[in-house]
Amino acid sequence: MTEPLFSIPLWADLTAVGLGGVQGALFASGFRGQRRLDLLGVTIIGIIIGMGGGLIRDLLLGVAPATLQTNGYLLTAIAASLVGMLLANVFQRLNRVIVILDALVIGLFGAFGTSKALALGLPLVPAVFVGACSAVGGSVLRDIMMGLPVAIMHVGSLYAVAAGAGCLVLGVLHVFGVEIVVAAIVGITVTTVIRILAVVFDVSLPEQRMLHRRKVAVETAAIPIVPPPAD
Amino acid sequence: MTEPLFSIPLWADLTAVGLGGVQGALFASGFRGQRRLDLLGVTIIGIIIGMGGGLIRDLLLGVAPATLQTNGYLLTAIAASLVGMLLANVFQRLNRVIVILDALVIGLFGAFGTSKALALGLPLVPAVFVGACSAVGGSVLRDIMMGLPVAIMHVGSLYAVAAGAGCLVLGVLHVFGVEIVVAAIVGITVTTVIRILAVVFDVSLPEQRMLHRRKVAVETAAIPIVPPPAD
Amino acid sequence: MTEPLFSIPLWADLTAVGLGGVQGALFASGFRGQRRLDLLGVTIIGIIIGMGGGLIRDLLLGVAPATLQTNGYLLTAIAASLVGMLLANVFQRLNRVIVILDALVIGLFGAFGTSKALALGLPLVPAVFVGACSAVGGSVLRDIMMGLPVAIMHVGSLYAVAAGAGCLVLGVLHVFGVEIVVAAIVGITVTTVIRILAVVFDVSLPEQRMLHRRKVAVETAAIPIVPPPAD
């Protein structure tokens with residue numbers, strides 16, 4: 001459980017957790033109507049997005065979850081969730097900021113996951129896999145907890161591909177002897193840029209696309225209960 | 001994996017597993033109609049409620065699951081599931097007993113989770129988090145396996161809040177030097193009382209409220225497939 | 001984390017992962033219409049079926065996941081998924097082959113899970129439990145990720161029972177001093193034969209039965225949104 005090669009700086013790790021918490025709470029606050037989550041539900045989603053990736057990473061690596069060894073991570077995630085909730089109305093209008101933050105969070109979790117896996121001695125392929133799972137794991141847990149179709153299965157190619165590409169670049173650079181901090185910065189950049197370009201290229205916001213396609217998924221998932229009224 | 005400060009007495013641990021197994025099987029047996037679970041399905045839910053909390057606790061703590069180190073836990077959970085199934089008709093009429101048992105089980109799992117986390121050296125905040133996850137984790141797994149909306153996201157504020165409050169009281173008392181056994185008893189009492197008062201205050205049984213609100217959740221979750229027939 | 005008694009031969013382990021990857025990709029490719037998964041989604045399901053059982057086994061055992069210690073497992077699972085996708089049309093017509101492969105995969109994962117648990121010193125009951133979870137865990141993860149009702153809860157008695165029976169036979173033979181390799185072969189045979197006989201006895205293919213019953217499960221799960229048009 002030692003990490004001789006590289007340890008993620010605490011400030012960077014807490015930044016990722018905080019950004020994830022804000023993003024998760026914003027996402028959860030966005031659900032209106034009867035399904036609207038209560039205060040606790042939104043906080044749970046904030047914690048899941050902020051800390052889920054790190055937990056999944058450490059479970060896959062077989063080490064005790066780093067985010068539970070100090071008070072800082074949970075306090076950061078909870079505080080970030082509250083910030084996300086309170087500012088939800090403001091942030092909902094700042095969609096470009098949300099997209100960029102989301103892309104950055106994926107990049108950070110992916111890079112931290114891959115780096116930690118490499119530091120623990122895992123070979124390239126599983127290290128990239130652990131990184132990709134760290135990056136998208138929080139959103140998978142969120143979707144399962146909220147009863148939504150798991151996004152990466154239906155709309156998520158560019159989401160998961162962006163995560164995987166950044167982790168792969170990081171891992172390959174590491175194999176070629178590039179210093180891990182430099183490799184991590186390049187990997188984070190690759191993921192973030194691919195993700196943002198994917199959103200821009202589609203000329204629609206990812207939340208909207210997500211909801212639109214999810215709607216389609218739900219419609220096709222449900223077996224028609226009542227036949228269309230015959231004319 | 002040593003627990004110098006405190007180890008949960010085996011009789012207490014097995015009692016929690018047994019009560020959880022009965023509760024899980026009663027819950028699962030309550031589903032009638034075409035969706036009714038078969039014998040194995042009810043047993044699986046009994047095992048999940050009886051052992052899920054402990055498994056999640058040990059995964060979060062990064063130690064080998066204690067409930068899999070001896071035959072006793074699984075045999076207790078399976079036997080309790082069978083008892084729950086056979087007595088389902090009787091117990092369905094004893095709703096007050098079920099509510100009290102359920103509240104007690106949440107309290108027990110929360111206290112054991114927090115205590116074990118503190119004994120392993122975790123700080124206060126993650127210890128309370130691990131305890132709360134132990135308390136509600138079984139019900140989350142149950143809902144995911146049964147395809148139900150995850151209860152703590154939609155109806156569960158008082159459920160999860162009761163669990164969290166008891167764990168927090170236990171942790172704070174421990175920080176102030178109160179002996180862990182005393183702190184655990186206070187914590188279990190806090191959780192159990194809050195949970196029962198919440199049910200009494202709402203003047204309806206938790207299962208009924210749960211199903212009612214879940215029904216609403218399912219209705220709003222589903223995209224209307226057929227428009228209401230125009231008149 | 002040493003396995004003095006028995007270590008699963010790498011070729012056998014990779015064979016199970018490969019067969020699982022093909023089976024998972026075939027299953028996922030079978031979904032047509034708007035819900036159809038994309039290339040990445042099918043690959044994810046292939047990886048889940050090929051590697052999910054082993055991951056769950058090692059999480060329950062509290063050891064670092066063996067499938068992430070070398071490049072071989074993931075590369076095998078990914079390659080198998082691609083093979084499954086490309087040959088989906090061919091294999092869809094070879095339903096008997098699919099059924100036999102599926103039954104064999106359940107048997108292999110169950111036997112490996114039980115054997116590893118026994119080798120790590122777990123008693124009989126938890127060792128059988130870990131084996132059964134290894135056998136069916138991949139399909140549970142698949143159903144959760146794809147938003148399907150979890151098969152073993154609704155249609156899965158004979159599926160999970162076949163897995164459990166094989167693991168139990170393996171464990172009991174081991175207790176009676178039978179060499180682990182022999183016990184594993186007998187256990188795999190028991191699971192495979194029960195599973196195949198169950199399919200033959202029902203005189204329908206498991207995929208079809210599964211989808212049929214799932215359809216029923218979905219229908220009853222959904223609250224009728226629109227009342228049947230009155231005549």
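1. In this predicted model, the side chains of C:Arg57 and C:Asp58 meet in a salt bridge, with a nitrogen-to-oxygen distance of 3.0 Å. Both partners fall under the 20% cut-off for burial: C:Arg57 is buried because its relative accessible area is 4%, and C:Asp58 counts as buried because its relative accessibility is 0%.

2. Chain B holds a salt bridge between B:Asp58 and B:Arg57, whose side chains meet at 2.9 Å, N to O. B:Asp58, at 0% relative accessibility, counts as buried, and B:Arg57, with a relative accessible area of 3%, is buried as well.

3. In chain A, A:Arg57 and A:Asp58 are linked with A:Lys116 in a network of salt bridges. A further salt bridge in chain A joins the side chains of A:Asp143 and A:Arg142 at 3.1 Å, N to O, and here too A:Asp143 and A:Arg142 are both buried. Over all chains, the count of salt bridges comes to nine.

4. Helix α2 of chain B, which covers residues 39–61, deserves a separate look. How far apart are the end C-alpha atoms of this helix, and what span should its 23 residues have at 1.5 Å a residue? The end atoms are 33 Å apart and the expected span is 33 Å, so the two values agree. A reader checking the geometry should nevertheless note that α2(B) has a kink of about 50 degrees, centred on B:Met51.

5. The surroundings of α2(B) can be described from its burial and from the residue that follows the helix. The helix is mostly covered, with 19 of its 23 residues buried. After α2(B) comes B:Gly62, which has a positive phi, near 75 degrees.

6. As for the overall make-up of chain A, this chain contains ten helices and zero strands, so that reading from the N terminus on, every element in the order α-α-α-α-α-α-α-α-α-α is a helix by the run-based assignment. Of the 231 residues in chain A, 54% are buried.

7. Two further totals for chain A concern its contacts and its surface. Among contacts between residues at least 6 apart in sequence, 75% join residues that are at least 24 apart. The accessible surface of chain A comes to about 9,500 Å², and carbon and sulfur atoms account for 71% of that area.

Definitions and conventions:
Residues are numbered from 1 along each chain as its sequence is written. Chains are lettered from A and ligands numbered from 1 in the order in which they are written. This is a predicted model: local features need pLDDT of at least 70, side-chain atom pairs count only at pLDDT 80 or more; totals for chains, interfaces and linings use all residues. Side-chain values use heavy atoms; hydrogens and water are left out. Helices (H or I, at least four residues) and strands (E, at least two) are DSSP runs, numbered from the N terminus. Buried means under 20% relative accessible area, exposed over 50%, partly exposed in between (1.4 Å probe, protein chains only). Contact means heavy atoms within 4.5 Å. Accessible areas come from the Shrake-Rupley method with a 1.4 Å probe; for residues, only the protein chains shown count as cover. A salt bridge is a side-chain nitrogen of Lys or Arg within 4 Å of a carboxyl oxygen of Asp or Glu. The expected span of a helix is 1.5 Å times one less than its number of residues. The bend at a residue is the angle between axes fitted to the seven residues ending there and the seven starting there.
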